[in-house]
Amino acid sequence: MTYTSLHFKSTKTITSVNSNKIITLAVKKHPSYSNCMITIHSNKDRTPEKVLIECTLSVGMDKVSRMFDSWANNGRSELMEKEHGKNVKKFLDGISWKDTFSFLDIGCGNGWVVRRMAQQNGCKIAIGIDKSKNMIKHADKMMSTKNEKYIHGSIESLVTRRRFDYAFAMESIYYSDSTEIALDKIFYLLKPGGKFFCGTDFYADNKATTGWPKMTGLKMHLYSKKEWRTLFRNAGFKTKTKQVRDMQDRKKWKREFGTLFIIGKKPDASTT
Ligand SMILES: C[S@@+](CC[C@H](N)C(=O)[O-])C[C@H]1O[C@@H](n2cnc3c(N)ncnc32)[C@H](O)[C@@H]1O
């Protein structure tokens with residue numbers, strides 16, 4: 001279903017290439033291929049003529065996967081579950097789910113939302129995808145039902161014929177190189193009438209969280225509630241937002257701003 005490396009052969013004219021030279025290319029056309037490496041396995045004779053080169057194109061592990069790989073190993077995935085759990089549960093409890101449905105969790109971490117959704121009445125399949133291999137290993141180990149499934153890979157590179165009734169993401173979309181490309185992909189993966197629930201504590205209106213990129217050293221796209229709505233509308237979604245606050249929490253921002261959920265509905269087939 002997904003790939004992190006691609007093998008291909010091609011004929012190219014190349015000059016002054018050593019047999020073991022590694023060329024790093026920034027392939028801009030597809031976000032999953034940025035910073036990929038092409039290793040030349042043949043071309044032993046170093047001649048500046050047409051040669052057959054056999055390449056393995058591998059997508060380098062990015063900073064985000066590396067950081068969450070280490071978080072998965074030091075107990076921080078459970079901490080995130082605890083930190084995000086209350087508001088996410090409150091939000092999910094307020095949804096009237098379809099009688100039968102499929103569910104995709106993007107950036108599923110240790111799979112806590114997938115496990116919960118797999119047990120929801122009517123859920124035929126709940127899939128979690130995460131670009132951190134260790135998060136997926138973790139989720140696999142805790143699998144509790146037959147209708148759960150976990151995929152290691154980025155949402156941008158997911159290849160599947162399946163279309164979902166619901167997609168969900170908690171604190172993951174803003175890590176994508178391009179929010180627009182990630183949203184386009186999610187829109188594409190939904191059935192007509194399907195909904196995307198996107199939760200974030202990190203948004204410009206919620207000033208207490210805007211320093212997180214400095215703390216983590218990761219690139220995180222910061223948007224206001226208004227900007228999130230625009231991004232969703234531009235991707236084709238009919239959009240609403242909801243802020244879920246926790247009045248009992250000791251953190252002021254949880255009481256005053258809380259988790260922002262952007263709810264995108266892909267128009268029904270009849271209205272597209
Ligand atoms: C802050 S954690 C949140 C995990 C989980 N949603 C939770 O609430 O506990 C973000 C997760 O998103 C994953 N992630 C970030 N960008 C992703 C992408 N483009 N595709 C798939 N997973 C992604 C990260 O590897 C990480 O596990």
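1. Axes here are lines fitted to C-alpha atoms, for helices over the stretch in contact, and angles run from 0 to 180 degrees between N-to-C directions. On that basis, the axes of helix 1 and helix 4 cross at roughly 35 degrees and come within 7 Å. The model is a predicted one.

2. Which residues make the contact of helix 1 with helix 4? From helix 1 come Phe 68, Asp 69, Ala 72 and Asn 73. They meet Lys 133, Asn 134, Met 135 and His 138 of helix 4. The class count for this contact is three nonpolar, three polar and two charged residues.

3. Now the burial pattern of helix 1, residues 63–73. Val 64, Ser 65, Phe 68, Trp 71 and Ala 72 are its buried residues. Seen down the helix axis, they fall within an arc of 125 degrees, so they line one face. That buried set packs against helix 2 as well as helix 4, which spans 133–141. Lys 63 and Ser 70 are exposed, on the face turned away from the buried side. Gly 75 follows the helix, and its phi is positive, near 85 degrees.

4. The ligand shell deserves a look. It holds 23 residues. Phe 68, Met 80, Gly 107, Gly 109 and Ser 172 are the closest. Helix 1, helix 2 and strand 6 each supply at least two residues of this shell. By class, the shell has 10 nonpolar, eight polar and five charged residues. Note that Phe 68 serves twice in helix 1: this residue is among the closest to the ligand, and it is also part of the contact with helix 4.

5. The sheet is open and has seven strands. Their order is 7-6-5-8-9-11-10, with mixed pairing. Strand 7 (148–152) and strand 10 (238–244) are the edge strands; each has a single partner, so one side of each lacks a neighbour in the sheet. On average, neighbouring strands are turned by 15 degrees against each other, direction ignored.

6. Helix 2, residues 76–93, packs on this sheet. It touches strand 8 (164–170), strand 9 (190–200), strand 10 and strand 11 (259–265). The direction of helix 2 makes about 130 degrees with that of strand 10.

7. Strand 5 (101–106) and strand 6 (123–130) run parallel and are joined by six bridges. Two of the pairings can be checked by eye. Phe 101 stands opposite Cys 123. Phe 103 has Ala 126 as its bridge partner in strand 6. Strand 6 is mostly covered, with six of its eight residues buried.

8. Is Asp 105 buried or exposed? This residue sits in strand 5. The cut-off for burial is 20 or more other C-beta atoms within 10 Å. Asp 105 has 27 of them, so it counts as buried. Leaving aside residues up to four places away in sequence, Asp 105 touches Val 113, Val 114, Gly 128 and Phe 168. Met 170 is 65 residues from Asp 105 in sequence, yet the C-alpha to C-alpha distance is 8.3 Å.

9. Asp 177 offers a second aspartate to inspect. It lies in the loop between strand 8 and helix 5 (179–189). With 17 C-beta neighbours inside 10 Å, Asp 177 is classed as partly exposed. Glu 156 is 21 residues away from Asp 177 in sequence; C-alpha to C-alpha, the two are 9.8 Å apart.

10. Helix 7 covers residues 225–235. Trp 228, Leu 231, Phe 232 and Ala 235 are buried there. Their arc around the axis is only 95 degrees, which puts them on the same side of the helix. Helix 5, strand 10 and strand 11 are among the elements that cover these buried residues. On the other side of helix 7, the exposed residues are Lys 226, Thr 230, Arg 233 and Asn 234. Gly 236 comes just after the helix and takes a positive phi of about 110 degrees.

Technical notes
Residues numbered from 1 in each chain as written. Predicted model: local features only at pLDDT ≥ 70, side-chain atom pairs only at ≥ 80, totals over all residues. Pairing = 2+ DSSP bridges. Helix = DSSP H or I, 4+ residues; strand = E, 2+ residues; numbered from the N terminus. Contact = placed C-beta atoms within 7 Å. Near = placed C-beta within 6 Å. Nonpolar A, V, L, I, M, F, W, Y, C, P; charged D, E, K, R; others polar. Buried ≥ 20, exposed ≤ 12 C-beta atoms within 10 Å, placed from the backbone. Arc of directions from axis to C-beta.
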